[in-house]
Amino acid sequence: MSVTMIRAQVKDESVAEVESAAKAMFAAINEAQPPGVRYASCKLGDDATFVVLLAVEDGIENPLLALPAVREFQQNLPRWLAQPATPEPLTVVGSYNLF
């Protein structure tokens, strides 16, 4: 399983729009229920930094990329971000029902 953490700081004026778009995107993901992927988005205490966790099972391509709602969200990211997002691969040392 590959696990990636993505940290993204959005413009202050875009926070509400990002949250709304993320909720719509997750609704579409929940409806589609793509197999082999775990995905979460969290907001840090500064209210402008989001941390995303993405886990994809070995041997499959990220199924989220096939969903129109995910592609639309990604297309809007450049105008929302205050600076480029930073993806970092993670090595899971231990997990209980998260990965």
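The points below go through the strands, an aromatic pair, the largest pocket and the largest nonpolar core of this predicted model.

1. The sheet is best read from strand S3, residues 49–56, which pairs in the antiparallel sense with strand S1 (residues 2–9) over eight bridges and, again in the antiparallel sense, with strand S2 (residues 37–43) over seven bridges. S3 is also mostly covered, in that seven of its eight residues are buried.

2. A convenient residue for checking the register is Ala55 in S3, which stands opposite Val3 and is also the bridge partner of Arg38. Val3 falls within the S1 range of residues 2–9, and Arg38 within the S2 range of residues 37–43.

3. S2 and S3 form a hairpin with five residues between the strands, and in this hairpin Asp47 takes a positive phi near 65°. A colleague inspecting the backbone may wish to look at Asp47 when following the chain from S2 into S3.

4. Two aromatic pairs are found when the whole structure is searched. Phe26 and Tyr39 form a pair of the stacked kind, with 5.1 Å from centre to centre and 20° between the planes. Because Phe26 belongs to helix H1 (residues 15–32) while Tyr39 belongs to strand S2, this pair ties together parts that are 13 residues apart in sequence. Tyr39 itself is partly exposed, since its relative accessible area is 26%, and the range for buried residues ends under 20%.

5. The largest pocket holds about 330 Å³ of space, and its lining is made up of 21 residues, of which Ile6, Tyr39, Val52, Phe73 and Leu77 lie nearest its centre. Tyr39 thus appears both in the stacked pair with Phe26 and among the residues nearest the centre of the largest pocket.

6. Which elements each supply at least two residues of the lining of the largest pocket? They are S1, H1, S2, S3 and helix H2 (68–80). By class, this lining comprises 18 nonpolar and three polar residues, with no charged residues.

7. The largest nonpolar core has 19 residues, and those with the most contacts inside it are Val10, Val18, Met25, Ile29, Leu64, Val70 and Phe73. H1, S3 and H2 each supply at least two residues of this core, with H1 giving the most, namely six residues. Phe73 deserves a second look, as a residue with some of the most contacts inside the core that is also listed among those nearest the centre of the largest pocket.

Definitions and conventions
Residues are numbered from 1 along each chain as its sequence is written. This is a predicted model: local features need pLDDT of at least 70, side-chain atom pairs count only at pLDDT 80 or more; totals for chains, interfaces and linings use all residues. Side-chain values use heavy atoms; hydrogens and water are left out. Buried means under 20% relative accessible area, exposed over 50%, partly exposed in between (1.4 Å probe, protein chains only). Helices (H or I, at least four residues) and strands (E, at least two) are DSSP runs, numbered from the N terminus. Two strands pair if DSSP finds at least two bridges between them. Rings of Phe, Tyr and Trp (its six-membered ring) pair if their centres lie within 6.5 Å; planes under 30 degrees apart count as stacked, over 60 as edge-to-face and the rest as tilted. On a 1 Å grid over the protein atoms alone, a cavity is a set of points where a 1.4 Å probe fits but cannot get out, and a pocket is an open set with protein on both sides within 12 Å along at least five of seven lines; lining residues have an atom within 4 Å of a point. Grid points are joined across faces, edges and corners, and a volume is the space filled by probe spheres set on the points. Ala, Val, Leu, Ile, Met, Phe, Trp, Tyr, Cys and Pro count as nonpolar, Asp, Glu, Lys and Arg as charged, and the others, Gly among them, as polar. A nonpolar core is a set of buried Ala, Val, Leu, Ile, Met, Phe, Trp, Tyr and Cys residues joined through side-chain atoms within 4.5 Å.
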